[in-house]
Amino acid sequence: MLTQKPAFPLLFSPVQVGTMTVKNRIFLSAMSTALCSKDNQVTDAAIAYYSARAQGGAGLLTTENVMVVEDSHYNIPNNLGLYRDDQIPGMRRLAEAVHSHGAKLALQLLHGGPAAVARLNGGKQPIAASAIPLRNVGELPRAMTVEEIHSLTLAFGQAARRAREARVDAVEIHAAHRHGVLGTFLSPLSNKRVDEYGGNIDGRMRFLLEVVEQVRRDAGPDFPIIVRMSMTEFEPGGQSLLDAIYLARRLEQAGVNLLHLSNGSLETYWKTVTPNGTPRGVNTELSQQVKAAVHIPVGVIGRNCEPWAAEQVLSLGRTDVVYMGRALLCDPDFPNKAQAGRVEEIRPCIGCTDCITHVHGAQIRCTMNPYAGRETEIP
């Protein structure tokens with residue numbers, strides 16, 4: 001008689017991220033929800049949304065982007081904020097709700113950069129490394145001054161300090177996809193500066209490394225730091241995989257505890273938000289090369305939307321953590337069902353991207369899951 005093996009043993013094994021132990025390797029990737037208040041506070045609707053995914057069994061949840069300064073809304077209204085101390089209690093409520101289900105919580109710290117559009121930010125012109133617009137946004141940003149770089153670095157640090165005071169488990173610094181301000185500094189396509197924050201790759205990564213240093217200083221030596229970064233941009237003259245490997249090693253030296261690997265930019269959106277028909281684990285062959293170059297764990301996003309695929313990329317040594325966004329939006333109970341061997345009951349993400357494009361309005365939605373974003377509205 002055959003002894004039944006546990007379902008997906010690697011996927012449901014614990015992983016260490018700095019001082020933080022996460023119960024399994026399914027991590028929710030950040031997705032904008034527009035469920036927060038107009039003054040960027042946590043709401044009951046936001047808590048219900050994240051609680052559903054924590055109760056569903058994910059090991060770590062990454063929030064949508066958290067504004068580190070006021071008037072830096074990224075593309076949609078009602079973002080989370082942590083630029084004032086009075087936003088700490090709401091964030092603490094969110095952390096406590098997530099912790100009550102045994103999950104960990106990370107806040108994604110982001111300044112929208114050229115995607116922080118003027119209509120949402122009091123008419124203020126967007127900022128970036130250089131005055132180069134995103135084609136799919138269409139607003140001309142202005143180049144940041146060195147003084148503004150230093151000021152924003154301090155703001156990232158203070159947001160991380162508030163996160164720790166809110167009993168959040170980690171922060172994720174968003175430096176991918178060339179839309180957040182940090183991402184515009186990393187890419188040779190959007191950074192044409194001639195000062196110490198431009199030029200070669202060491203100059204382009206200076207801002208990000210200074211932010212990591214400030215976050216470490218303000219949040220403490222044992223507070224886990226995650227950095228989200230693109231491996232390639234898939235554009236002529238853009239960031240290459242070799243650039244990414246060099247950056248990954250520098251981030252490890254700077255004390256980063258986990259690298260969240262993605263691909264593409266807002267100019268190659270189909271590589272960042274992969275549509276239906278994209279192969280499972282599409283980014284993992286590249287992530288394996290980054291993983292081999294560092295000693296800290298790496299996670300990767302990109303159609304890891306079935307348990308067999310997630311287990312496979314772990315067993316092949318391509319990643320240490322499997323990030324999922326739309327799969328957990330579609331079925332918050334994905335992890336629990338997979339661990340129990342009830343794979344056929346998992347509601348499948350069809351990759352339609354309706355949730356990302358918000359074609360019916362800003363609030364998050366899912367074609368396959370009518371409850372997504374409406375956890376407090378639909379019994």
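Here are some short exercises on this structure, each with a worked solution.

Before you start: this is a predicted model, where local features need pLDDT of at least 70, side-chain atom pairs count only at pLDDT 80 or more, and totals for chains, interfaces and linings use all residues. Residues are numbered from 1 along each chain as its sequence is written, and side-chain values use heavy atoms, with hydrogens and water left out.

**Exercise 1. Check the span of helix 2 (residues 88-99), then find what its buried residues pack against.**

Step 1: Helices (H or I, at least four residues) and strands (E, at least two) are DSSP runs, numbered from the N terminus. The expected span of a helix is 1.5 Å times one less than its number of residues.

Step 2: Helix 2 has twelve residues, so at 1.5 Å a residue it should span 16 Å. Its end C-alpha atoms are 16 Å apart, which agrees.

Step 3: Now look for buried residues, meaning those under 20% relative accessible area (exposed is over 50%, partly exposed in between; 1.4 Å probe, protein chains only). In helix 2 these are Ile88, Gly90, Met91, Leu94, Ala95, Ala97 and Val98.

Step 4: Why might several of these line up? An α-helix has 3.6 residues a turn, so residues three or four places apart point the same way.

Step 5: Follow the contacts (heavy atoms within 4.5 Å). The buried residues of helix 2 pack against helix 1 (44-55), strand 4 (60-67), strand 5 (80-81), strand 6 (104-110) and helix 3 (146-165).

**Exercise 2. Trace the neighbours of strand 10 (residues 225-230) and say which way they run.**

Step 1: Two strands pair if DSSP finds at least two bridges between them. Strand 9 (residues 170-174) runs parallel to strand 10, joined by four bridges; in one of them, His174 partners Arg228.

Step 2: Strand 11 also runs parallel to strand 10, with five bridges. Val227 has Leu259 as its bridge partner, and Ser230 stands opposite Ser262.

Step 3: Check the faces. Ile225, Val227 and Met229 point one way from strand 10, while Ile226, Arg228 and Ser230 point the other way, and all are buried.

Step 4: Do the same for strand 11. Leu258, His260 and Ser262 lie on one side, Leu259 and Leu261 on the other, and all are buried.

Step 5: Add the connection. Strand 10, helix 7 (residues 241-253) and strand 11 make a right-handed β-α-β unit; right-handed means that, with the strands pointing away from the viewer, the path from the first strand over the helix to the second runs clockwise.

**Exercise 3. Where does Asn263 sit, and what does its side chain reach?**

Step 1: Asn263 is in the loop between strand 11 (258-262) and helix 8 (269-272).

Step 2: Its relative accessible area is 0%, so Asn263 is buried.

Step 3: Look for polar contacts: pairs of N or O atoms within 3.5 Å, where within protein one must be able to donate a hydrogen and the other to accept it, and residues adjacent in sequence count only if both atoms are side-chain atoms. The Asn263 side chain reaches the backbone nitrogen of Thr232 at 2.9 Å. It also makes a polar contact with the side chain of Asn283 (2.9 Å).

**Exercise 4. Continue from strand 11 to strand 12 (residues 298-300), strand 13 (321-324) and strand 3 (residues 26-28).**

Step 1: Strand 11 pairs with strand 12 in the parallel sense over three bridges, and Leu261 partners Val300.

Step 2: Strand 12 pairs with strand 13, again in the parallel sense, over two bridges. Here Val300 stands opposite Val322. The chain crosses from strand 12 through helix 10 to strand 13, and this β-α-β crossover is right-handed.

Step 3: Strand 3 and strand 13 pair in the parallel sense over three bridges, with Met324 as the bridge partner of Leu28.

**Exercise 5. Which residues touch the most other members of the largest nonpolar core?**

Step 1: A nonpolar core is a set of buried Ala, Val, Leu, Ile, Met, Phe, Trp, Tyr and Cys residues joined through side-chain atoms within 4.5 Å.

Step 2: The largest one has 96 residues, and Met91, Phe207, Leu208, Leu251 and Leu259 touch the most other members.

Step 3: Apart from it lies another core, of 13 residues, among them Met20, Val22, Ile301 and Val321.
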